Amino acid sequence: MLSIMFYVAITAEAMTAALAAGRRSMDWFGVCILACVTALGGGTARDVFLGHFPLYWVGNPYILVLVCGAALLTIATARLVYRLRWPFLLLDALGLVVFTIVGCNVAIDTGAHPIIVIVSGMVTGIVGGILRDVLCNDVPLVFRSELYATVSIVTGIVYYLGLLAGIATDLMVLVALAVGFPLRVVAIYFKWEMPKFVFDPQMRK
Amino acid sequence: MLSIMFYVAITAEAMTAALAAGRRSMDWFGVCILACVTALGGGTARDVFLGHFPLYWVGNPYILVLVCGAALLTIATARLVYRLRWPFLLLDALGLVVFTIVGCNVAIDTGAHPIIVIVSGMVTGIVGGILRDVLCNDVPLVFRSELYATVSIVTGIVYYLGLLAGIATDLMVLVALAVGFPLRVVAIYFKWEMPKFVFDPQMRK
Amino acid sequence: MLSIMFYVAITAEAMTAALAAGRRSMDWFGVCILACVTALGGGTARDVFLGHFPLYWVGNPYILVLVCGAALLTIATARLVYRLRWPFLLLDALGLVVFTIVGCNVAIDTGAHPIIVIVSGMVTGIVGGILRDVLCNDVPLVFRSELYATVSIVTGIVYYLGLLAGIATDLMVLVALAVGFPLRVVAIYFKWEMPKFVFDPQMRK
């Protein structure tokens, strides 16, 4: 089940990235690359940080085919995808939680320290979006918008504590979904944000 | 022979990167770094993705000396290098094909899946230019200009299929060059581009 | 002693990065991420390049707690930190030298080539600042400001030559500090810069 949701989430990330590429008038190839970086960047960063080779998409390259296929499909159906804004926000929220759980699992398998397990979940969840914004030449949105990384951290902590407490993995996946998914959706709906740190000295340089 | 072309290509990449640095008024050190990132970034990304340590320039650090030397030479001869625009475009086209072949070879040596072999060739060919543009604070050109990555992919597929068919490696290197190099040159000359995906919803945010 | 200075330097880097995040109105989470990337990015890049797993902060995750704590403390005391500009420039200079020494040591331990030892010191010293500027959507300052990387390279060469000459490590750490720290401070004070490479052809595109 986690596996199916993982592929759904990767597809959704690829499609929203393709729309972002369209706003920048990239060519078809750029659309595919941006989709790959966004959908797979988090897991890649995690695997590199943990020294976990081969990377998951090197071991299972059909993921690349899925992502590029989703990106090209988005080109053909851009207006429709754009209208389906809420379904995609929901899928994106699902993806955030699923990526976080997968990231925690990978770190747990390598026997990492609890702090690293949480960080691994968060990196898997958010790095794709950061790389997308850097390639599009923006200050990453994740640093300035609604609760996003926070949702990932909370989900990771709940999931990991549950596993430590001896609860079955399958059950904890459901619990983590039940915590993280509504939290993200509610955060978008009410525009919950982290407090900003605005520092603007009189003396500018 | 491939090895000689590889060094020629790295030198050419370093020199064009140095010119880009000059347009941004970077200092001599910045010129060297940008040259290294552009000339070696593709191979570095490939080695990291494949978990192929030590990186090729860590194992053969004189490549760094070559790249920095080429960059500093460019500072001394900038107007000349700029006038030699066509020779450099040709060397850049050669580099794209040579990097692609080298990238495919490395992936084949690690026993990777065919899709990964093609991706490895493409990453080796294009990531250097993407990193250069990110460091110069541009949206990467490769996402918006003439056929570039496509040339790399076509070259990789031809090369790999040839090897699969049992043709000698040396011969396939020549075939790959004979396919990829003219394709890139013709693409520049006629400004062949991938179709653009321009998505501009009325409702902007 | 090197270890204590290392933690002091990481804390100082985290705090200056937090101020940079404040100028961009990032939220608290973004502040922490930017602090981690700036303070730990150099060592991470070094470990990945050298294939030196686990990464140092994966092996010792309390460093992450230290960096995030320093970043959040900076939010609470921003005006004070900003006034303490000179102390922080001094700490930053100390950090540059300490990071360089640590980077050289890691490369020496892996038995790397002398060129790679110097590069490893430099990467550890400067990559954090480059990543910070890329995430803040600037052309990296290190490419255009006072001697910074040069200080790192000089420090690394002095340190490595001293070790080769058979001088005790502890003594060479002191010598490297005595060379690199004043060099950086003097470079800031007198605004010593590398010569710029300004290339601006008449024919712009």
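**Exercise 1.** Which residue of chain A comes closest to the rotation axis, and at what C-alpha distance?

*Solution.* The model is a predicted one, and the axis in question follows from superposing the copies. Chain A can be laid on chain B by a turn of 120 degrees with a shift of 0.0 Å along the axis, and the RMSD is then 0.0 Å. These two copies are therefore related as by a three-fold rotation axis. Among the residues of chain A, the one that comes closest to this axis is A:N137, whose C-alpha lies at 3.9 Å. As for the surfaces involved, the two copies use different ones, since 11% of the contact residues of chain A recur in chain B.

**Exercise 2.** Determine by what turn and shift chain B can be laid on chain C, and which residue of chain B comes closest to the axis.

*Solution.* A turn of 120 degrees, with a shift of 0.0 Å along the axis, lays chain B on chain C with an RMSD of 0.0 Å. In chain B the residue that comes closest to the axis is B:N137, at 3.9 Å for its C-alpha. Here too the copies use different surfaces, with 11% of the contact residues of chain B recurring in chain C.

**Exercise 3.** Describe the side of chain B that touches chain C, by elements and by residue character.

*Solution.* Begin with the count: 27 residues of chain B are in contact with 27 residues of chain C. Next, assign the side of chain B to its elements, where α1 (2-23), α2 (28-50), α4 (62-76), α5 (78-83) and α7 (114-135) each supply at least two residues. The most comes from α2(B), which gives six residues. Finally, sorted by character, the residues on this side of chain B comprise 20 nonpolar, four polar and three charged.

How values were computed. Residues are numbered from 1 along each chain as its sequence is written. Chains are lettered from A and ligands numbered from 1 in the order in which they are written. This is a predicted model: local features need pLDDT of at least 70, side-chain atom pairs count only at pLDDT 80 or more; totals for chains, interfaces and linings use all residues. Two residues are in contact if their C-beta atoms, placed from the backbone, lie within 7 Å. Helices (H or I, at least four residues) and strands (E, at least two) are DSSP runs, numbered from the N terminus. Ala, Val, Leu, Ile, Met, Phe, Trp, Tyr, Cys and Pro count as nonpolar, Asp, Glu, Lys and Arg as charged, and the others, Gly among them, as polar. Copies are superposed by least squares on the C-alpha atoms of residues with pLDDT of at least 70 in both.
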